[in-house]
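Here is a friendly walk through one protein model, from a pair of neighbouring strands to the nonpolar core. Keep the viewer open as you read.

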Amino acid sequence: QQLTFTWTGPEVNASTFTIQDGRGSTVAFGPYSGGMQAITVTAVVAPPFKLGSNLQMTAFGETQTLHTSCSQPLYLYQIVGYNVGTLQIVGFLNSDSTTEADCSSPPTAPPSTAQPTTAVPTTAVPTTAVPTTAAPTTA
């Protein structure tokens, strides 16, 4: 139902960063500070109350796809890399109201869906997975 990212790179806003998921999900931008900014993607508040199967995320003209259906797990701290910065999943809210705080000891897996830029070194990224039962979207 909701994903929260940390963007590391130049400041983004509605004209430099967009998300399309085929369902009309919304994006909200937090304050930009120290080269970082929170970005929250929320599913449209109508049935089926979940994000589309793929998030097409465009930053400064470059598009990356994050698969968000049940067929592939999403991971907490997973990175989506761009030439000008990176997005890192730092939180989620499921339709059953569970959040990343409800995951006691999830399994680990590779966190990157694309090569990160030098803004976020992969050695400093935790590799904690979000269990499929607590994935941000349900099929």
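## A hairpin to start with

Four residues form the hairpin that links β7 to β8. Bear in mind as you look around that this is a predicted model. The two strands run antiparallel to each other and are paired over three bridges. If you want one pair to click on, V80 has L87 in β8 as its bridge partner.

## The other partner of β8

Strand β8 also pairs with β1, again in the antiparallel sense, this time over seven bridges. Here W7 is the residue standing opposite L87.

Is β8 enclosed or open to its surroundings? Six of its eight residues are buried, so β8 is largely enclosed by the rest of the structure.

## I79 in strand β7

Strand β7 covers residues 79–81, and I79 belongs to it. Because its relative accessibility is 1%, below the 20% cut-off, I79 counts as buried. Its C-alpha atom is 9.5 Å from that of T6, although the two residues are 73 apart along the chain.

## The nonpolar core

In soluble globular proteins, nonpolar side chains tend to be buried together. The largest nonpolar core in this model has 22 residues, and L3, F5, F17, M57, L66 and L87 have the most contacts inside it. At least two core residues come from each of β1 (2–8), β2 (17–20), β4 (36–42), β5 (54–59) and β8 (86–93).

F17 is a good residue to select next: leaving aside residues up to four places away in sequence, F17 touches V12, V27, F29, I39, M57, T58, A59, Y82 and L87.

Technical notes: Residues are numbered from 1 along each chain as its sequence is written. This is a predicted model: local features need pLDDT of at least 70, side-chain atom pairs count only at pLDDT 80 or more; totals for chains, interfaces and linings use all residues. Side-chain values use heavy atoms; hydrogens and water are left out. A nonpolar core is a set of buried Ala, Val, Leu, Ile, Met, Phe, Trp, Tyr and Cys residues joined through side-chain atoms within 4.5 Å. Buried means under 20% relative accessible area, exposed over 50%, partly exposed in between (1.4 Å probe, protein chains only). Contact means heavy atoms within 4.5 Å. Two strands pair if DSSP finds at least two bridges between them.
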